[in-house]
Amino acid sequence: MQPRVQVLQGDITTLDVDVIVNAANPSLLGGGGVDGAIHRAAGPALLEACKQVRQQQGECPPGHAVITTAGNLRAKAVIHTVGPVWRGGDEHEARLLEDAYRNSLQLAEANGYTTIAFPAISTGVYGYPKAAAAEIAVNTITDYLTRHHHLQQIYFVCYDDETTHLYQRLLTQLGDEP
Ligand code: AR6
């Protein structure tokens, strides 16, 4: 397991990283959960930036990602990605969640950023089972890092104990592999 991936517990908005990933909705105009927290911490400049992207590109479908400035956050940019709503698992949710992580990584790298923090996308309001989502997050990111070497540090920022333990266990298992 690369030391490039770390688990933290707490509020993603406080991190000093290049990019914070937001678990947004297709409107890009804010919401509850981590989206609400990011918009509150970033201030109105973030909403303005999101409105501009929306005017240019329309809604952001599940699995896609867009990048904006970060307002008052310490981060330099926010990547807004839309995870899938959990509908039982037969509606391409796993593929869409993978896409959300991978497209966010690609967008960060394409913009020259090297440190990025992810929340546990889709595991709140969108109802994705936490253990299954954590596996997809860890597998997608570690797979990406074996093929791309520009990103230097990736943080999984977990809000609750259960999610933190799930990620810690998965990363420890990977570290134990020969
Ligand atoms: N820092 C880190 N993680 C957080 C924070 C925070 N400040 N706040 C919540 N979480 P959710 P979703 C965790 O619901 O499931 C919004 O209304 C939370 O505990 O924010 O992708 C959007 O506008 C959970 O583990 O995102 C969409 O409509 C994780 O972040 C919808 O919710 C994701 O929970 C997206 O739903």
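This section describes one strand, one helix and one aromatic pair in a predicted model.

Strand β2, spanning residues 19–24, is largely enclosed by the rest of the structure, because five of its six residues are buried. Its pairing involves two other strands. With strand β4 (residues 77–82), β2 runs parallel, and six bridges join the two. Within this pairing, Val-21 of β2 is placed opposite Ile-79 of β4. With strand β5 (residues 115–118), the pairing of β2 is again in the parallel sense, and here two bridges are found. Ala-117 of β5 is the bridge partner of Ile-20. In a regular strand, side chains alternate between the two faces of the sheet.

Helix α2 comprises 14 residues, from 44 to 57. The distance from its first C-alpha to its last is 20 Å, close to the 20 Å expected at 1.5 Å a residue. Leu-46, Ala-49, Cys-50 and Val-53 of α2 are buried. The buried residues of the helix fall within an arc of 100° when viewed down its axis, and therefore line one face. In an α-helix there are 3.6 residues a turn, so residues three or four places apart point the same way. The cover over the buried residues of α2 includes helix α1 (33–42) and the strands β3 (65–69) and β4. Strand β4 is thus named in two settings: among the elements covering α2, and as a parallel partner of β2. Pro-44 and Gln-55, on the other side of α2, are exposed. The helix is followed by Gly-58, which has a positive phi, near 75°.

A search of the whole structure for aromatic pairs finds three. In one of them, formed by Phe-156 and Tyr-167, the ring centres are 4.5 Å apart. The planes of these two rings meet at 35°; a pair counts as stacked under 30 degrees and as edge-to-face over 60, so this pair is tilted. Phe-156 belongs to strand β6 (residues 153–158), whereas Tyr-167 belongs to helix α5 (residues 161–176). The pair therefore ties together parts that are eleven residues apart in sequence. Both partners are buried: the relative accessible area is 1% for Phe-156 and 2% for Tyr-167.

Methods
Residues numbered from 1 in each chain as written. Predicted model: local features only at pLDDT ≥ 70, side-chain atom pairs only at ≥ 80, totals over all residues. Heavy atoms only, no water. Phe/Tyr/Trp six-rings, centres within 6.5 Å; stacked < 30°, edge-to-face > 60°. Helix = DSSP H or I, 4+ residues; strand = E, 2+ residues; numbered from the N terminus. Buried < 20%, exposed > 50% of the residue type's maximum accessible area, 1.4 Å probe, protein only. Pairing = 2+ DSSP bridges. Expected span 1.5 Å × (residues − 1). Arc of directions from axis to C-beta. Contact = heavy atoms within 4.5 Å.
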